[in-house]
Amino acid sequence: MDFIDPKTQYQRYKPDIDRRIQAVLDYGQYILGPEMVELEAALARYVGIKHCLTVASGTDSLEIASRALGIGPGDEVITVPFTWISSTEVIFLIGARPVFVDI
Ligand SMILES: Cc1ncc(COP(=O)(O)O)c(C=O)c1O
């Protein structure tokens, strides 16, 4: 079962995606470039908040959000076992203890 269909999504937006990727390749700044600033501003507008911070991965976002909430050693985090391993990995990484609940 396919949960997502990136190929169809790509075909729908192919000209825009290809043009933007080519622009990045042409000037060669792959990290922290103007596209990132533009994306963060667009996402913030879309969600209706002042600021948006993009990160490299879903795992990074979970760690940053958990640390921002002050979760750490001595804390328990309730999560489900039926998900991607990052959810539990990050809980261990920040020194907390996962507590699994049945979904
Ligand atoms: C529910 C869930 N959390 C976290 C992640 C981790 O994302 P990443 O692989 O970008 O670190 C994934 C990745 O598939 C996910 O499905």
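Biologist: Before we get to the ligand, what counts as nonpolar, charged or polar here?

Modeller: Trp is one of those counted as nonpolar, Asp, Glu, Lys and Arg count as charged, and the others, Gly among them, are polar. Bear in mind that this is a predicted model.

Biologist: Fine. Which residues surround the ligand?

Modeller: S57, G58, T59, T83, W84, S86 and S87 do.

Biologist: And how many of the shell residues are nonpolar, polar or charged?

Modeller: One is nonpolar, six are polar and none is charged. W84 sits in that shell, and Trp counts as nonpolar. G58 is there too, and Gly goes with the polar class.

Biologist: Which helices supply at least two residues each to the shell?

Modeller: α3 (58–68) and α4 (86–93).

Biologist: Why are α3 and α4 called oblique to each other?

Modeller: Their axes cross at roughly 40°. Under 35 degrees would count as roughly parallel, and roughly perpendicular runs from 65 to 115. The crossing falls in neither class, so α3 and α4 are oblique. The crossing is also right-handed, and the axes come within 9 Å.

Biologist: What makes up the contact between α3 and α4?

Modeller: G58, T59, L62, E63 and S66 in α3 meet S86, S87, E89, V90 and L93 in α4. Those residues divide into three nonpolar, five polar and two charged.

Biologist: Where do the domains lie along the chain?

Modeller: Domain 1 covers 1–53 and domain 2 covers 55–103, according to the domain assignment. Their C-alpha centres lie 27 Å apart.

How values were computed: Residues numbered from 1 in each chain as written. Predicted model: local features only at pLDDT ≥ 70, side-chain atom pairs only at ≥ 80, totals over all residues. Near = placed C-beta within 6 Å. Helix = DSSP H or I, 4+ residues; strand = E, 2+ residues; numbered from the N terminus. Domains from an automatic or database assignment. Axes fitted to C-alpha atoms, helices over the stretch in contact; angles between N-to-C directions. Parallel < 35°, antiparallel > 145°, perpendicular 65-115°, else oblique. Left-handed = near helix turned anticlockwise from the far one by under 90°. Contact = placed C-beta atoms within 7 Å.
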